[in-house]
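Hi everyone, thanks for coming. Let me put the structure up on the screen, and then we'll walk through it together.

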Amino acid sequence: MKSTEYTITYFFILLLISGTNDATRASDYHYITLVNQFLAPQNAARAVLGMPPLVWDKELASYAQSYANERRFNCDLKHSNGRYGENIFWGSGDDWTPAQAVMSWVSERRWYDYWSNSCVGDQDCGHYTQIVWRSTSRVGCARVVCFEGKGVFMTCNYDPPGNYIGEKPY
């Protein structure tokens, strides 16, 4: 091989490596952004109560992604009924962000009455109580855009799970 051919081959190898690194960096940045959008508002809600932050767990995120992928076909708002605590979200269109989903769950705080340990006014507050459940320490979440314009489905899974009947979250 001539030195020119070595140079060209070397150039293309460097180009492939640098392109892969750029793609990997972009993918890593997207993943970190997604994680932070799920995690930050949940940990802010816990901080208000003086609770330790949730830690992102890749095993839970993988579980959440697997289930979200199942929901991608119909976008039905159904729970996985797995062994973890779970919050689910659906929104029409495809622009919903993880932060918006989490904020919809956290906003249920206004419906939770600590003293009676119940939701007031026939409202939902179980998403909020799962987020702030005292013993829960790990979370993993996923987001998918459903096929045929059926919306966005998101899920977060929590371990240990919460929302035990008769127990207060904190």
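Okay, let's jump straight in with a pair of residues. Find Glu86, and look across to strand S6: standing opposite Glu86 there is Asn157. Just beside that, Gly85 has Tyr158 of S6 opposite it. Before I go on, keep in mind that this is a predicted model.

So which strands are we looking at? Those pairs belong to S2 and S6, where S6 covers residues 152–159, and the two strands run antiparallel with 7 bridges between them. If you're new to this, the general idea is that strands of a sheet pair through backbone hydrogen bonds, and they can do that either parallel or antiparallel.

Now zoom out to the sheet. It's an open sheet of 4 strands, in the order S1-S5-S6-S2, and the pairing is mixed. At the edges sit S1, residues 55–56, and S2, residues 85–91, and each of them pairs on one side only.

What about the other partner of S6? S5 and S6 are antiparallel too, with 8 bridges. One of the residue pairs here is Arg143 with Met154, its bridge partner in S6. Hold on to Arg143, please, since we'll meet it again. S5 and S6 also make a hairpin, with 6 residues between the two strands. In that turn you'll find Glu148, which has a positive phi of about 55°.

Next question: how many of the residues of S6 are buried? The count is 8 of the 8, so S6 is largely enclosed by the rest of the structure. As a general point, side chains in a regular strand alternate between the two faces of the sheet. For S6, both faces are covered. On one side you have Val152, Met154, Cys156 and Tyr158, on the other Phe153, Thr155, Asn157 and Asp159, and they're all buried. S2 is an edge strand, but 6 of its 7 residues are buried, so S2 is largely enclosed as well.

Let's step back to the whole chain. There are 4 helices and 6 strands, and if you read along the sequence, the pattern goes α-β-α-β-α-β-β-α-β-β. The chain has 170 residues, and 35% of them count as buried. Take the contacts between residues at least 6 apart in sequence: 69% of those join residues at least 24 apart. As for the surface, the chain exposes about 10000 Å², with carbon and sulfur atoms supplying 59% of that.

Here's one residue to make that concrete. Ile131 is in helix H4. Is Ile131 buried or exposed? Its relative accessibility is 0%, and anything under 20% counts as buried, so Ile131 is buried. Who is around it? Leaving out neighbours within four places in sequence, Ile131 is in contact with Gln42, Ala45, Arg46, Leu54, Asn87, Trp105, Val106 and Tyr158. Val106 is 25 residues away along the chain, yet the C-alpha atoms of Ile131 and Val106 are separated by 7.7 Å. And you've seen Tyr158 already: that's the S6 residue opposite Gly85.

Last topic: pockets. The largest pocket holds about 260 Å³ of space. It's lined by 16 residues, and the closest to the centre are His30, Tyr31, Leu34, Gln65 and Arg143. There's Arg143 again, the residue that bridges to Met154. Helix H1 (3–48), helix H2 (58–71) and strand S5 (138–145) are the elements that give two or more residues to this lining. H1 gives the most, with 5 residues. By type, the lining divides into 8 nonpolar, 6 polar and 2 charged residues.

The second largest pocket has about 180 Å³ of space. Of its 14 lining residues, the closest to the centre are Asn117, Thr129, Asn163, Tyr164 and Glu167. Strand S4 (118–119) and helix H4 (126–131) each supply at least two residues of that lining. Here the split is 7 nonpolar, 6 polar and 1 charged.

That's my tour, so over to you for questions.

Definitions and conventions:
Residues are numbered from 1 along each chain as its sequence is written. This is a predicted model: local features need pLDDT of at least 70, side-chain atom pairs count only at pLDDT 80 or more; totals for chains, interfaces and linings use all residues. Side-chain values use heavy atoms; hydrogens and water are left out. Buried means under 20% relative accessible area, exposed over 50%, partly exposed in between (1.4 Å probe, protein chains only). Contact means heavy atoms within 4.5 Å. Accessible areas come from the Shrake-Rupley method with a 1.4 Å probe; for residues, only the protein chains shown count as cover. On a 1 Å grid over the protein atoms alone, a cavity is a set of points where a 1.4 Å probe fits but cannot get out, and a pocket is an open set with protein on both sides within 12 Å along at least five of seven lines; lining residues have an atom within 4 Å of a point. Grid points are joined across faces, edges and corners, and a volume is the space filled by probe spheres set on the points. Ala, Val, Leu, Ile, Met, Phe, Trp, Tyr, Cys and Pro count as nonpolar, Asp, Glu, Lys and Arg as charged, and the others, Gly among them, as polar. Two strands pair if DSSP finds at least two bridges between them.
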